[in-house]
Amino acid sequence: MDTLLTIQRAQAAPPCTVVIFGASGDLAKRKLIPSLYNLVACGEGMMPAKSAVVGFARREMSIDEFRKSAHDWTVKYSRLKVNEDCWKKFADSLDYLSGLDRPEGFKKLKAKLEAIEKARGIPPNRVFYLAIPPEAIGESVERLTEAGLINKPDAPNFTRVVVEKPIGHDLPSALEVNRTLVKYLHESQIFRIDHYLGKETVQNLLALRFSNDIFERLWGARNVDHVQITVAEAEGVGTRAMYYDNSGALRDMVQNHILQTLSLLTMEAPVSLDAAAIRDAKLNVLRSLRPITPQNARANTVRARYAAGVDADGKPARGYMDEQGIADNSRTETYVALKTHIDNWRWSGIPFFIRTGKGLKARASSIYVQFKDVPQILFNRESKVPANALIIRIQPDEGFSFDVMTKRPGLDLVLQPVRMNLSYQAAFGAGASPDGYERLLLDVMDGDHTLFISAPFVEKSWEFVQGILDSWKDGARVPIVEYPAGSWGPKEADELIGSAGRVWHEP
């Protein structure tokens with residue numbers, strides 16, 4: 001079967017200049033610069049011709065130093081091996097400017113951009129990527145406006161501003177960030193990025209559901225027993241300790257990545273593939289999420305942190321409280337397990353179990369959809385027949401599998417579960433999946449909001465999470481427990497899902 005269905009981009013993105021605020025930071029090193037290089041290296045006009053990339057940060061650095069550093073970062077972190085001829089072409093597009101921490105730096109940035117655009121013969125289309133702390137967003141956007149770097153939304157040349165998560169620290173701060181952004185920008189100019197939405201498997205949720213009638217007919221309370229979403233990280237907090245101790249697993253993963261995945265998994269079919277239609281369908285899921293309140297938090301949430309244990313290689317691993325940079329009185333969780341429901345027509349009565357954590361047994365992200373048991377007749381009369389299950393693997397081995405029962409070859413009638421498996425790497429080749437940032441950066445240049453977060457979604461997701469945060473303020477109501485590093489989490493999480501008669505699927 002060789003049929004290919006290709007949905008082309010409406011048109012090639014026009015040339016532009018991408019300005020990376022915080023260009024000497026970790027995100028620029030690990031993701032942004034390597035991803036922009038990969039868009040050039042992939043060829044086929046992925047990166048608009050003659051486009052430029054400008055690093056903008058506080059520290060002083062020459063252009064040559066920046067290009068040398070960018071080369072080293074790309075060699076280390078790019079999914080593609082660096083081709084030196086291609087690198088020379090990319091390096092020619094790189095420039096650098098200090099002064100991010102000074103008002104006059106923005107005036108110099110305006111002059112720098114105008115000079116680059118004139119030299120390269122490109123229009124003043126600009127993307128400002130704010131890879132900076134959330135508390136610096138408002139001031140940066142204000143200074144961009146004062147320097148005359150924000151065009152009107154209906155201007156001939158576009159201005160687009162990319163904002164990294166987290167959008168706020170809680171519901172009030174998220175509302176304030178959104179108010180600040182729309183004070184200086186039109187909503188169409190704002191791109192709230194969550195790199196999880198750029199992952200191939202997460203994007204494939206739409207295709208899996210709405211281009212395969214077999215799954216859509218099964219999708220809902222009539223056929224599904226329960227759903228699990230697991231996002232597990234084997235490493236501890238490492239060098240992110242100071243950031244993480246002010247965040248925690250609930251804010252760092254549930255509020256954005258996991259709720260985004262849940263909404264794509266469970267939403268109704270959008271009226272079109274238009275960004276607004278998909279965003280509305282996702283938002284309706286959050287509107288239907290059953291709130292977690294102080295009255296039901298103990299029955300529906302677990303919070304924990306890793307203690308000393310062993311890592312994936314069997315070596316001793318220290319506990320969270322022993323990590324450098326963690327406050328002695330820290331009450332931050334590194335693990336969260338939740339039970340929730342989507343109170344709408346399709347999913348009424350079906351439990352959804354969510355867990356995420358650091359210092360766990362393995363790095364793995366997956367969605368486990370278990371279907372209802374077959375009736376207790378025929379094969380299921382004397383011994384329980386395992387239920388069918390669809391497993392969607394987001395990382396590390398992207399793909400999906402379907403567990404079904406079959407007869408084992410032989411003269412006796414023996415049933416055996418068999419896994420029908422699709423691995424992206426096996427089917428499409430190694431390196432077939434671009435990094436999430438590659439896709440999302442290209443979408444910003446295209447002006448496509450489909451995989452970006454809307455302001456109402458940010459606010460509604462924080463509204464759900466705020467209910468949990470408020471419930472946890474009283475440490476006695478949902479006490480923080482511990483689990484050994486290198487395990488799958490605390491026993492309390494097993495008890496949470498066990499109280500509903502289910503068990504965790506090991507990804």
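## A tour from strand β14 to the largest cavity

Select A389 to begin: this residue lies in strand β14 (residues 389–395). Helices (H or I, at least four residues) and strands (E, at least two) are DSSP runs, numbered from the N terminus. The model is predicted, so local features need pLDDT of at least 70, side-chain atom pairs count only at pLDDT 80 or more, and totals for chains, interfaces and linings use all residues. Residues are numbered from 1 along each chain as its sequence is written, and side-chain values use heavy atoms, with hydrogens and water left out.

Stay on A389. Is this residue buried or exposed? A389 is buried, with a relative accessible area of 1%. Buried means under 20% relative accessible area, exposed over 50%, and partly exposed in between (1.4 Å probe, protein chains only). Add K372 to the selection. The C-alpha atoms of A389 and K372 are separated by 9.0 Å, with their positions 17 residues apart along the chain.

**Zoom out**

Show the whole protein chain. The protein chain has 16 helices and 17 strands. Of its 507 residues, 52% are buried. Now look at contacts (heavy atoms within 4.5 Å). Among contacts with a separation of 6 or more, 75% join residues 24 or more positions apart. Switch on the surface. The protein chain exposes about 24000 Å², and carbon and sulfur atoms supply 52% of that area. Accessible areas come from the Shrake-Rupley method with a 1.4 Å probe; for residues, only the protein chains shown count as cover.

**Strand β1 and its surroundings**

Select T17, found in strand β1. T17 is buried, at 0% relative accessible area. Not counting residues up to four places away in sequence, T17 touches A52, V54, L113, E117, I122, N125, R126 and V127. Next, pick S51. T17 and S51 are 34 residues apart along the chain, yet their C-alpha atoms are separated by 5.6 Å.

Move to K50, in the loop between α1 and β2. K50 is exposed, with a relative accessible area of 52%. Check the backbone too: phi of K50 is near 65 degrees, a positive value in a residue other than glycine.

**Aromatic pairs**

Show the rings of Phe, Tyr and Trp (its six-membered ring); they pair if their centres lie within 6.5 Å, and planes under 30 degrees apart count as stacked, over 60 as edge-to-face and the rest as tilted. The structure holds 16 aromatic pairs. Select F21 and F56: this pair is edge-to-face, 5.2 Å centre to centre, with 80 degrees between the planes. The pair links distant parts of the chain, with F21 in strand β1 (residues 17–21) and F56 in strand β2 (residues 52–57), 35 residues apart. F21 is buried at 0% relative accessibility. F56 is also buried at 0%.

Then select Y37 and F90. Their ring centres are 5.9 Å apart and their planes stand at 70 degrees, so the pair is edge-to-face. Y37 sits in helix α1 (residues 26–41) and F90 in helix α3 (residues 84–91), 53 residues apart; this pair links distant parts of the chain. Y37 and F90 are both buried.

Which residues join F21 and F56 in one aromatic cluster? Add F106 and F128 to complete the cluster.

**Two more stops**

Select R160 in strand β5 (residues 159–164). R160 is buried, with a relative accessible area of 13%. Its contacts, not counting residues up to four places away in sequence, are R126, V127, F128, Q189, F191, V444, M445, D446 and G447. The C-alpha atoms of R160 and L185 are separated by 8.8 Å, and these residues are 25 apart along the chain.

Jump to E65 in helix α2 (residues 63–77). E65 is partly exposed, at 46% relative accessibility. Add Y96: E65 and Y96 are 31 residues apart in sequence and 9.2 Å apart in space, C-alpha to C-alpha.

**The largest cavity**

How many cavities of 30 Å³ or more does the structure hold? There is one. On a 1 Å grid over the protein atoms alone, a cavity is a set of points where a 1.4 Å probe fits but cannot get out; lining residues have an atom within 4 Å of a point. Grid points are joined across faces, edges and corners, and a volume is the space filled by probe spheres set on the points. The largest cavity holds about 50 Å³ of space.

Select the lining: K165, I167, Q255, N256, Q260, I453, F457, V458 and S461. Helices α10 (249–266) and α15 (455–472) each supply at least two of the lining residues. Colour the lining by class: four residues are nonpolar, four polar and one charged. Ala, Val, Leu, Ile, Met, Phe, Trp, Tyr, Cys and Pro count as nonpolar, Asp, Glu, Lys and Arg as charged, and the others, Gly among them, as polar.

Technical notes
On a 1 Å grid over the protein atoms alone, a cavity is a set of points where a 1.4 Å probe fits but cannot get out, and a pocket is an open set with protein on both sides within 12 Å along at least five of seven lines; lining residues have an atom within 4 Å of a point.
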